[in-house]
Amino acid sequence: MKKLYALLAVLGLVFVLAACGGSDDKDNKDKDNGNNAGDKEEVTISYAHWNLGTEEDMNLERLMLKQFQEDYPHIKVELYEISGNWNEQLAAAASAGNMPDVFAVPDLPLALSNDWVLDVTYMTAEDEDFKNVPQIVRQSTEHEGKVVALPFAQHFLGYFVNKDLFNSANLDFPTMDSTVEEFEASVKAVTNVNGGVVGLQNAGSITDWYPAAANPDMGWYTYNDGKYQLDSNEFIAGVKFANEVVTNGYAYDNLTDDQKANFSGENASEVWYNGGIGIWWDGTWANSTFAENASFEYDFIGIPGGKTAITNDLLGLSKTTAHPEEAYLFAKYMSYGKEGFMKRMEIAAKEGKVVNTLPINSDQEILDEYFAQLNIPGIRKAYDRLDEAILEPVKTVPGYAQSRWNAPTGVKTAESENASVAQLINSFVTGELKVEDYATQLNKLANDKYAEAVEALK
């Protein structure tokens, strides 16, 4: 019996030690699998973005950086300072072999032509979060079937309407489902310059969005599927509406000083917040400013015809980064990754800030939390219609800056002996020149600049 008791005691001790050892092993394994794993190699990556503000401001992006380094302490993020022209500074950094590991991309075709960005297709292919990014957003990150950038932020472009102003005038305010004709009528009906009320702040962007609102087969500035249609009836109609807004006093910016004296405010922004402008063009990045300053009921209505224009901010990973996996993890956390976006909303709620991007990830938990924080019904409605949205092409379409703004036209206007595209279009809007006389020439120039830029990428 003594031998039996001794044996049982020994076995009991063995089991106790085994249990303790198993618990330690489990704890160690949990630590190894967690973000704070002590055995992960410590690396340093550099990050450049124009939205970081100052350390004293400690904006939401800075708070996200701090949170990332708490969650992933083995990855140190150093800020890469860029001042002046962004593309020029990136080009200088590339020439010096000193590109930031992760950086904001203002012009993807330029980044591709300069060989700045890493092909990350092999990483996005296995990324469930990336699969939850809407197709129209993913489209802006791709080139020739390869993913060459990551979506950092998503914004809607469109109109916000002062509902109180229309209601007080016994007028129906325009909605996301208003036709182009109904929208035009609303702008005119609400305008009462002598009473200190006007339809729009300016005629800007009308020539860009109008063709897509009038024709579902057209995009922003008529661009669609590698082609501009600036000689179309839709573009010409958009120019004429913009001209009508400017010449008939339907926009605050085009009023005389005597007329502006009827309004409450020293500039268009003040007049809007004081309730003197019916419909305001902006991006959803203005949500936080509106929430702080607007004392009236407003809503987002996008552009007529039930459409919304999307503009996406992009991140690139340097082709020369020594730490592509860590750079990808960081970029994802700061942008479309569910983990990071949930943290972004949590931090914003805690700090009393407004999340400064729409959800890029369509995960239902993200959407439910985001729209619980943002009470602007029109934005949710627009988000639910992403498959009908159009992309603003400025960051993604080759040669767009030349096709839309910068290319010389050879036409003399009041602004220039050799007007740029932007100056020529402005001359149509002011009524100096007739769009019909130059539409064919303008269309050819835009398509030629696009073709040249595409050829340069080959």
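**Figure 1. Strand β10 and strand β11 in the predicted model.** In this predicted model, A309 of strand β10 has I390 as its bridge partner in β11. The strand β11 covers residues 390-391, runs parallel to β10 and is joined to it by two bridges. The view therefore shows a short pairing, with β10 itself extending over residues 309-317 and having nine of its nine residues buried.

**Figure 2. The two faces of strand β10.** Which residues of β10 are buried on each side? On one side these are A309, T311, D313, L315 and L317, and on the other I310, N312, L314 and G316. The pattern can be read with a general rule in mind: in a regular strand, side chains alternate between the two faces of the sheet. Because nine of the nine residues in β10 are buried, the strand is largely enclosed by the rest of the structure. Both faces are thus covered.

**Figure 3. Antiparallel partners of strand β10.** Strand β3, residues 102-105, pairs with β10 in the antiparallel sense over four bridges. Within this pairing, V105 stands opposite L314 of β10. Strand β6, residues 150-162, also runs antiparallel to β10, and seven bridges join the two. Which residue of β10 is the bridge partner of Q154? The partner is N312.

**Figure 4. Strand β8 and its neighbours.** Strand β8, residues 277-283, is mostly covered, for seven of its seven residues are buried. Five bridges pair β8 with β6 in the antiparallel sense, and G158 stands opposite D282 of β8. A parallel pairing is formed with strand β7, residues 198-200, through two bridges. There, L200 has I279 of β8 as its bridge partner. Strand β6 thus appears in two pairings, one with β8 and one with β10.

**Figure 5. The nonpolar cores.** The largest nonpolar core contains 73 residues, and those with the most contacts inside it are Y47, F156, L317 and F330. One of these, L317, is also a buried residue of strand β10. Which residues does F330 contact, leaving aside its neighbours within four places in sequence? They are I45, Y47, L65, F68, V77 and V102. Apart from the largest core lies another, of 53 residues, which includes L157, W220, F235 and A446. As a general tendency in soluble globular proteins, nonpolar side chains are buried together.

**Figure 6. Two residues with positive phi.** M58 has a positive phi of about 50° although it is not a glycine. This residue is placed in the loop between β1 (43-48) and α2 (60-71). E144 likewise has a positive phi of about 50° and is not a glycine. The place of E144 is the loop between β4 (142-143) and β5 (146-147). Is each residue buried, partly exposed or exposed? M58 counts as partly exposed because its relative accessibility is 30%, whereas E144, with a relative accessible area of 68%, is exposed. The cut-offs behind this reasoning are over 50% for exposed and under 20% for buried, with partly exposed in between.

**Figure 7. Residue Q89 in helix α3.** Q89 lies in helix α3, residues 86-95. The relative accessible area of Q89 is 34%, so the residue is partly exposed. Leaving aside neighbours within four places in sequence, Q89 is in contact with I82 and S83. How far apart in space are Q89 and M218, C-alpha to C-alpha? They are 35 Å apart, and 129 residues separate them in sequence.

**Figure 8. The setting of the close-up views.** The protein has 21 helices and 11 strands. Its C-alpha trace spans about 110 × 55 × 40 Å along the principal axes. Of the 458 residues, 50% are buried. Among contacts with a separation of 6 or more, 69% are between residues 24 or more positions apart. The accessible surface comes to about 21400 Å², and 46% of it belongs to carbon and sulfur atoms. There are 35 positive and 70 negative side chains, and the centres of these two sets lie 6 Å apart.

How values were computed: Residues are numbered from 1 along each chain as its sequence is written. This is a predicted model: local features need pLDDT of at least 70, side-chain atom pairs count only at pLDDT 80 or more; totals for chains, interfaces and linings use all residues. Side-chain values use heavy atoms; hydrogens and water are left out. Buried means under 20% relative accessible area, exposed over 50%, partly exposed in between (1.4 Å probe, protein chains only). Two strands pair if DSSP finds at least two bridges between them. Contact means heavy atoms within 4.5 Å. Accessible areas come from the Shrake-Rupley method with a 1.4 Å probe; for residues, only the protein chains shown count as cover. Lys and Arg count as positive and Asp and Glu as negative; His and the chain ends are not counted. The place of a charge is taken as NZ of Lys, CZ of Arg, CG of Asp or CD of Glu. A nonpolar core is a set of buried Ala, Val, Leu, Ile, Met, Phe, Trp, Tyr and Cys residues joined through side-chain atoms within 4.5 Å.
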